[in-house]
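These are my notebook entries on a structure I had not looked at before. I wrote down what I looked up, entry by entry, and kept to what could be read off.

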Amino acid sequence: MKLIECKNLSKKYGDKLALNAVSLELDSGAPIALVGPNGAGKTTLFSLLCGYILPTKGELTILGEKPGSPNLQGRVSALPQDAALDPNFSVKSHLIFLAQLQGFNSKQAKQEAIRVLELVDLADAAKLMPSSLSHGMSKRVAIAQALIGQPELVLLDEPTAGLDPANARKVRQIVQDLSDKTTFIISSHNLEELEKLCDQVLYLEQGQLQQSVSMHAQQDTDYLTVTMQSANAEQLVSPLLALDNIISVKPVNNDQLLIEYHNLQNFQIEIALLGWFNSNNHMYKSMLRGRTLEDTLFSGQTD
C-alpha cells in the first residue's frame, strides 16, 4: 500500500489555480522534503492531505483512505508553521487534552503526554505554562503534540523556522530518531537542513510538481562538491580541468566547485584532488560525493 497517492490533484480558489494536476506516489520510509517558492502550493497540498479542504479535481488517498477519514485518526498528524499552544493550559495538561480528543482515556492520556514530552526531551517542562517557554521549547512541545498516538505520517510545516542552531539540531534529531516508524513530510525553505534529513525531495512551483528527486540516487560517483578554505573557485577551474578523468568543473559560488568526473573506483579522483591541493598549497573545507540539493534543483535555471 502506498503512503500517498495523488492523481491529477487540483485546487482552485476563485480564479486562482493553487494546485494544478499534481500526480505522485510516495512510499513510507525516510523523511520527504517539500520545497518551492512562496505561493507554490505547498500549504494547499498540506491542507488537502490533512482533509482541511477538498480538491477541485483529482483523487487523493493516504494509506488507502481519503483524507479526513475516521480510519486515519491517530495515523496522520500535522504541525502548521504557526501552531500555538493554549495559554490557559500547562504543557502537560495541553497534551493530555489533545490525547483525550484522540480517544485516549484519562490514564492513557497522561501516559501519552509524558511519552511524547520525553521524545522531545522536555519532560522537565511538563508543569510549565506556554508563556514561560522559549520559542525553541514551544516548537518542540508543538512537535510533541503531533506525535501523540504514534502516527504513521506526520506533516511538518517549517518545523525549525526561527529556531537557534541548537534547537534546530534537536528538532532534526527528533525526526531522525523516529523515522524508522514514522514517515515525515517536511516543508521548508532551508535546503541545507532538508539535505541532512531527507531522501526524496518534491519541488513545487506555480502549483505544479516540477521535480521529484531522490537524493540517495543523486549521490552517485559522477560528481564531487568541493568547498575550499581560502581560494577563488573561478581560478581553480582551468588547472582542475587539466587533471585526468575530470569532465567539467563549475564554480557554484566563490568558494565551492562542482566537479563532474568519469566513474572510477578506489577514490582515485579524491586522491588526485588531495594531491593537487597539497602540491599547490590549497586548503579545502569539505568534499561531498554527489551534488548539493540546491544545485540538483536549480542547476538548470537562470536568474
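**Entry 1, cysteines.** I began with Cys 198, which is buried, with a relative accessible area of 7%. I kept in mind throughout that this is a predicted model. I then asked how many disulfides there are by the distance rule, and the count comes to 0. For Cys 6 the reason is plain, because its sulfur is 12 Å from the closest cysteine sulfur, in Cys 50, which is too far for a bond, the cut-off being 2.5 Å. Cys 198 is likewise in no disulfide, and the nearest cysteine sulfur, again that of Cys 50, is 17 Å away. I also looked up the accessibility of Cys 6, and at 4% it counts as buried.

**Entry 2, the whole protein.** I next stepped back to the overall picture, in which the secondary structure comes to 10 helices and 13 strands. The C-alpha atoms fill a box of roughly 70 × 45 × 35 Å, taken along the principal axes. Of the 303 residues, 43% count as buried. I also looked at how contacts span the sequence: among those between residues at least 6 apart, 68% join residues at least 24 apart.

**Entry 3, strands 5 and 6.** I turned to strand 5, residues 76-79, and asked which of its residues lie on the covered face. They are Ser 77 and Leu 79, while Val 76 and Ala 78 make up the uncovered face. Strand 5 is joined by 4 bridges to strand 6, residues 153-157, and the two strands run parallel. One bridge partner I noted by name is Leu 153 of strand 6, which is paired with Val 76.

Leu 156 is also found in strand 6, and at 1% relative accessibility this leucine counts as buried. I listed what Leu 156 touches, leaving aside residues up to four places away in sequence, and found Phe 46, Leu 79, Val 175, Phe 184, Ile 185, Ile 186 and Ser 187. Leu 79 in that list is a residue I had already met on the covered face of strand 5.

**Entry 4, helix 5.** Val 175, another contact of Leu 156, led me to helix 5, where Val 175 is one of the buried residues. The others are Asn 167, Ala 168, Val 171, Arg 172, Ile 174 and Leu 178. Seen down the axis of helix 5, its buried residues fall within an arc of 155 degrees, so they line one face of the helix. I reminded myself that an α-helix has 3.6 residues a turn, so residues three or four places apart point the same way.

The face of helix 5 turned away from the buried side carries the exposed residues Pro 165 and Arg 169. What do the buried residues of helix 5 pack against? I found helix 3 (106-119), helix 4 (135-146), strand 6, strand 7 (183-187) and helix 6 (191-197). I also checked the length: at 1.5 Å a residue, the 14 residues of helix 5 (165-178) should span 20 Å, and the end C-alpha atoms are 20 Å apart, which agrees.

**Entry 5, aromatic rings.** I searched the whole structure for aromatic pairs and found 3. Phe 89 and Phe 97 have ring centres 5.7 Å apart and planes at 15 degrees, so this pair is stacked. Neither ring belongs to a buried residue, since Phe 89 is partly exposed at 28% relative accessibility and Phe 97 is partly exposed at 39%.

Trp 276 and Phe 277 form an edge-to-face pair, 5.9 Å centre to centre with 70 degrees between the planes. Trp 276 is buried, with a relative accessible area of 16%, and Phe 277 counts as buried at 2%. Together with Tyr 284, these two residues form one aromatic cluster. To place this cluster relative to strand 6, I looked up Leu 156 and Tyr 284, which are 128 residues apart in sequence and 35 Å apart in space, C-alpha to C-alpha.

**Entry 6, Thr 225.** My last entry concerns strand 10, residues 223-228, where Thr 225 is found. Is Thr 225 buried or exposed? Thr 225 is buried, with a relative accessible area of 4%. Not counting residues up to four places away in sequence, Thr 225 touches Gln 256, Leu 257, Leu 258, Ser 286, Met 287, Leu 288, Gly 290, Arg 291 and Thr 292.

Key. Residues are numbered from 1 along each chain as its sequence is written. This is a predicted model: local features need pLDDT of at least 70, side-chain atom pairs count only at pLDDT 80 or more; totals for chains, interfaces and linings use all residues. Side-chain values use heavy atoms; hydrogens and water are left out. Buried means under 20% relative accessible area, exposed over 50%, partly exposed in between (1.4 Å probe, protein chains only). Two strands pair if DSSP finds at least two bridges between them. Rings of Phe, Tyr and Trp (its six-membered ring) pair if their centres lie within 6.5 Å; planes under 30 degrees apart count as stacked, over 60 as edge-to-face and the rest as tilted. Contact means heavy atoms within 4.5 Å. The expected span of a helix is 1.5 Å times one less than its number of residues. The arc is that of the directions from the helix axis to the C-beta atoms.
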